[in-house]
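This briefing introduces one part of a molecular structure to a reader who has not met it before. The structure is shown first, and the points that follow are grouped by topic.

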Amino acid sequence: MRHLLDTRNLDRATALRILDIAEDMADTQSREVKKLPTLRGKTVVNLFFEDSTRTRISFEAAAKRLSADVINFAAKGSSVSKGESLKDTAQTLEAIGADAVVIRHPASGAPQTLATSGWISAGVVNAGDGTHEHPTQALLDAFTIRKRRFGADSRGRDLAGLHVVIVGDVLHSRVARSNVWLLATLGADVTLVAPPTLVPQNVSLWPARVVYDLDEALEQSPDAVMMLRIQLERMNAAYFPTEREYSRRWGLDALRVAALPEGSIVMHPGPMNRGLEISSEAADSPRSTVLEQVTNGVSIRMAVLYLLLAGERDDERGGDL
Amino acid sequence: MSETLVITGAQLIGAKSADIVVENGVISEIGTGLGRAGARVIDADGLVALPGLVDLHTHLREPGYEASETILTGTKAAAAGGFTAVFAMPNTSPVADTAGVVEQELALGEAAGYATVQPIGAVTLGQKGERLAELGAMATSRAKVRVFSDDGFCVFDPLIMRRALEYVKSFDGVIAQHAQDPRLTEGAQMNEGTVSAELGLAGWPAVAEESIIARDVLLAEHVGSRLHVCHLSTAGSVDIIRWAKKRGIAVTAEVTPHHLLLTDELVRGYDARFKVNPPLRRQEDVLAVREGLADGTIDIVATDHAPHPSENKACEWQAAANGMVGLESALRVVHQSMVQTGLLGWADIARVMSATPARIGRLSGHGAPLEVGSPAHITLYDPSVEGVFGESDLHGRSVNSPYLGRALPGRVEHTVHAGVVTVAGGAVVQELDA
């Protein structure tokens, strides 16, 4: 795998390969010594143009457990905020000798620009770009759904026949986009639930159903309900009237979570707004996979860095792993 | 003044091939077997002879942004594309909102000599949309400004727009509107539709263009003024203009070559060469603007030539500047999208790329048919060849063309501006004889 830029173009075989290698990685993490020598001598740069401590430390833990050297470049508050371009930053990392660049950027498409520009030869991992994609989040979500469903028998399985409901600000969510593509590729049925203002104007080509009523979606007995974080500034742009109204109509409150069928799980990519999109009853219930998602995130990112950096590189988009 | 030219065997519109003699900057004779002692002979066998092309929408960047383009380099690009006159948009620094700036641009164009530079004046001071610029002073200046535009910005305030439309009637002016509702396009990055939904780029909805055009044609009707709509880009806009013309409203409209050929699918690679305002639209819109141009709803093609330095394009999409260079490629793109598709013939090309833009802009001496007594603004185009468009085809200071690497038909072989050969054998003449 040369880069991991999105899940839109990730084929089923590659996705399953990542999930299965993540299973192997997860197994090693229950040992007393968690560190593997696999990426010794490789340099991974975490290039973060946006604050995201959670994602950054997850990638950092993944790289370190594979024995890679990690450089954290918080581009916010550095020369970048003084006007240095993405090109100059990339060329600097190239000169330092980065083998992989994990990039978080507020502009959609910045990782693809970095990967295709010729400015840098390192493999590029998209750690979230604008409102476009966040592929490792979707992979860890799929891993979590599969693990809860199939346990030790997860390897090699896809998500065929499972029903996932994604609730919230789909318009601005890179997590939702990456999940829609990946879940569909893995055979799951996807329903999006949101106020009409927070769905892109034309999603007719998405492999997902859109409904505006959360209770209608929950009546379909979903296997997983994924709540998206709502950003409070959306209120000021007239996407919805008040927090209370949002919470009443699209929040996963105690009553809704209690009505879910046995075995359905509640997911959230974090950080949560308790009391807004998710109630504490939901977040703290045995259905909640919030902390498993964090743990699984490290395994997924280990698998991705392993596929990017161990062994020979192949073509642009993965293909043969 | 200029040398004597004998152009032999040119394919004139609506006629058999003929020889054209140019003396003292004017076409002096058309016929067969013509010659003049000591004249420069241009072999135009197989070439289509068009009246020199006129671009109603060019950004020449001077004064103020000479790193992107100058009046000299921009008019060289114009000549390379077969243009003999360009209307220069006022978003310079300082903004062309006074008689002084438009006269400076006119003088720089005259000094360069590659094409007639006709300045466009800003509608409002500093293009801020708040107070009218001194439109009358620009109109009576040596630059004789007749077209006014805040291009790049929409004249959004309906009262300012109404007053501007009314005011320019006293000197037969026209307001060229950049139709874009600023509230509906805050942060907009590309056409709003299936592709923007997938790419996570903020959408620029068609309705933000169409609602302003609808308002403006009604205003123009109410006050009895001329309105010109810049770079119309959506199927809905074509319908509104068609309706307005049927009602007898004095509206004209332009489409760019890129909106005749390219779609928002090209944004998928996040290559900022395809970032432009208004954005590339859907295939349905491309077909609708072609149809509108073919049936006369859309009056003209204008390039919206918008040079930018490489650092403003070699970056993440959101940080990139809007705009594409288009002068050098315009005729070839229109050839591909309109002539090769059978929608227009060469007589129509002369109308939509020369005669009508000159008439809308009230630019005398341009756009006239190639007849005895006409000023010698002539474009000789070879429609039989095809080539991959490359940086060597660009003659301005910037290379932000969406066509690099794309096969396009045709080639501008010779351009004659006021009797002076500016392009010879496909190459821009570096030292003009004038």
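**Helix packing and an open sheet in chain B**

The helices α4(B) and α6(B) cross in a right-handed sense. The contact between them is described below, followed by the sheet on which α6(B) packs. The model is predicted.

**The helix pair**

- Helix α4 of chain B spans residues 158-167 and helix α6 of chain B spans residues 206-223; they pack at an angle of about 45 degrees, and their axes are 10 Å apart.
- Because of this angle, α4(B) is oblique to α6(B).
- On the side of α4(B), the contact is formed by Pro158(B), Met161(B), Arg162(B), Leu165(B) and Glu166(B).
- On the side of α6(B), Arg215(B), Asp216(B), Leu219(B), Ala220(B) and Val223(B) take part.
- Sorted by class, the contact of α4(B) with α6(B) comprises six nonpolar and four charged residues, with no polar ones.

**The sheet**

- Five strands of chain B make up an open sheet, arranged in the order β9-β10-β13-β14-β15, with parallel pairing.
- The edges are held by β9 (147-148) and β15 (300-301) of chain B; each has a single partner strand, so one side of each lacks a neighbour in the sheet.
- Strand β14 of chain B (residues 251-255) runs parallel to β15(B) and is joined to β15(B) by two bridges.
- Ile300(B) in β15(B) is the bridge partner of Glu254(B).

**Where helix and sheet meet**

- α6(B) packs on the sheet and touches β10 (174-177), β13 (227-229) and β14 of chain B.
- The direction of α6(B) makes about 165 degrees with that of β13(B).

How values were computed. Residues are numbered from 1 along each chain as its sequence is written. Chains are lettered from A and ligands numbered from 1 in the order in which they are written. This is a predicted model: local features need pLDDT of at least 70, side-chain atom pairs count only at pLDDT 80 or more; totals for chains, interfaces and linings use all residues. Axes are lines fitted to C-alpha atoms, for helices over the stretch in contact, and angles run from 0 to 180 degrees between N-to-C directions. Helices (H or I, at least four residues) and strands (E, at least two) are DSSP runs, numbered from the N terminus. Angles under 35 degrees count as roughly parallel, over 145 as roughly antiparallel, 65 to 115 as roughly perpendicular and the rest as oblique. A crossing is left-handed if the near helix is turned anticlockwise from the far one by less than a right angle, and right-handed if clockwise. Two residues are in contact if their C-beta atoms, placed from the backbone, lie within 7 Å. Ala, Val, Leu, Ile, Met, Phe, Trp, Tyr, Cys and Pro count as nonpolar, Asp, Glu, Lys and Arg as charged, and the others, Gly among them, as polar. Two strands pair if DSSP finds at least two bridges between them.
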